[in-house]
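Please work through the following exercises with the sequence and the 3D structure open beside you. Try each task on your own before you read its solution.

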Amino acid sequence: MDEAALERVLTLVALIPPGEVAAYGEIGAIAGVGARRVGAILSRYGADLPWWRVTNASGDPPRHLRERAFEHWAREGIAVKPNGRGCAIARWGTDQHVLARRFAAHMRLESPQE
């Protein structure tokens, strides 16, 4: 596993604000990896992160994690769509450009000062 890509994905997920979600592909676009890689990283290393804030492009969390995600969403004020599969990503989705700026600022703060 590419350690730099792993760190980018985990950092991005940690930066998604409560009450917002981001799609795997959006995280991947900022991190420079594919959406499936984002999912694989989260499934292996994301237990201590707000994994429930990452969904597919339709706003749906993985089926096997749906109920647990919905519990977190209820606490964060994210409403479930009438179809019961996820949230309306157009309403609850984080602004990808803002997330990218947060990520860049975080990385500048984390890098050693010259």
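The exercises below deal with salt bridges, nonpolar cores, a pocket and some distances.

This is a predicted model, in which local features need pLDDT of at least 70 and side-chain atom pairs count only at pLDDT 80 or more, while totals for chains, interfaces and linings use all residues. Residues are numbered from 1 along each chain as its sequence is written, and side-chain values use heavy atoms, with hydrogens and water left out.

**Exercise 1.** Find how many salt bridges the structure holds, and describe where the partners of each one lie.

*Solution.* Start from the definition: a salt bridge is a side-chain nitrogen of Lys or Arg within 4 Å of a carboxyl oxygen of Asp or Glu. By this rule the structure holds 2 salt bridges.

Take the pair of arginine 53 and glutamate 76, whose side chains meet with 2.7 Å from N to O. Helices (H or I, at least four residues) and strands (E, at least two) are DSSP runs, numbered from the N terminus. Glutamate 76 belongs to helix α4 (residues 66–76) and arginine 53 to the loop between α3 (35–45) and β2 (54–55), so the bridge ties together parts that are 23 residues apart in sequence. Arginine 53 counts as buried because its relative accessibility is 9%, where buried means under 20% relative accessible area, exposed over 50%, and partly exposed in between (1.4 Å probe, protein chains only).

Now turn to lysine 81 and aspartate 60, whose closest N and O atoms are 2.9 Å apart. Lysine 81 sits in the loop between α4 and α5 (89–92) and aspartate 60 in the loop between β2 and α4, so that distant parts of the chain, 21 residues apart, are linked. Both lysine 81 and aspartate 60 are buried.

**Exercise 2.** Which residues touch the most other members of the largest nonpolar core, and which element gives the most to this core?

*Solution.* A nonpolar core is a set of buried Ala, Val, Leu, Ile, Met, Phe, Trp, Tyr and Cys residues joined through side-chain atoms within 4.5 Å. The largest one has 20 residues, of which Val9, Leu12, Ile27 and Val38 touch the most other members. Two or more residues come from each of α1 (3–15), α2 (24–31), α3 and α6 (96–110), and α1 gives the most, with 6 residues.

Next, look at isoleucine 27 itself: leaving aside neighbours within four places in sequence, isoleucine 27 is in contact (heavy atoms within 4.5 Å) with Val9, Leu12, Ile16, Ala22, Val38 and Leu99. A second, separate core of 10 residues includes Ala69, Ile78, Cys87 and Trp92.

**Exercise 3.** What kinds of residues make up the lining of the largest pocket?

*Solution.* The lining divides into 7 nonpolar, 4 polar and 1 charged, where Ala, Val, Leu, Ile, Met, Phe, Trp, Tyr, Cys and Pro count as nonpolar, Asp, Glu, Lys and Arg as charged, and the others, Gly among them, as polar. Among the lining residues are Tyr24, Trp51, His64 and Arg68, and α3 gives the most to the lining, with 3 residues. A pocket, on a 1 Å grid over the protein atoms alone, is an open set of points where a 1.4 Å probe fits, with protein on both sides within 12 Å along at least five of seven lines, and lining residues have an atom within 4 Å of a point.

**Exercise 4.** How far apart in space are proline 62 and glycine 86?

*Solution.* From C-alpha to C-alpha the two are 9.2 Å apart, with their places 24 residues apart in sequence.
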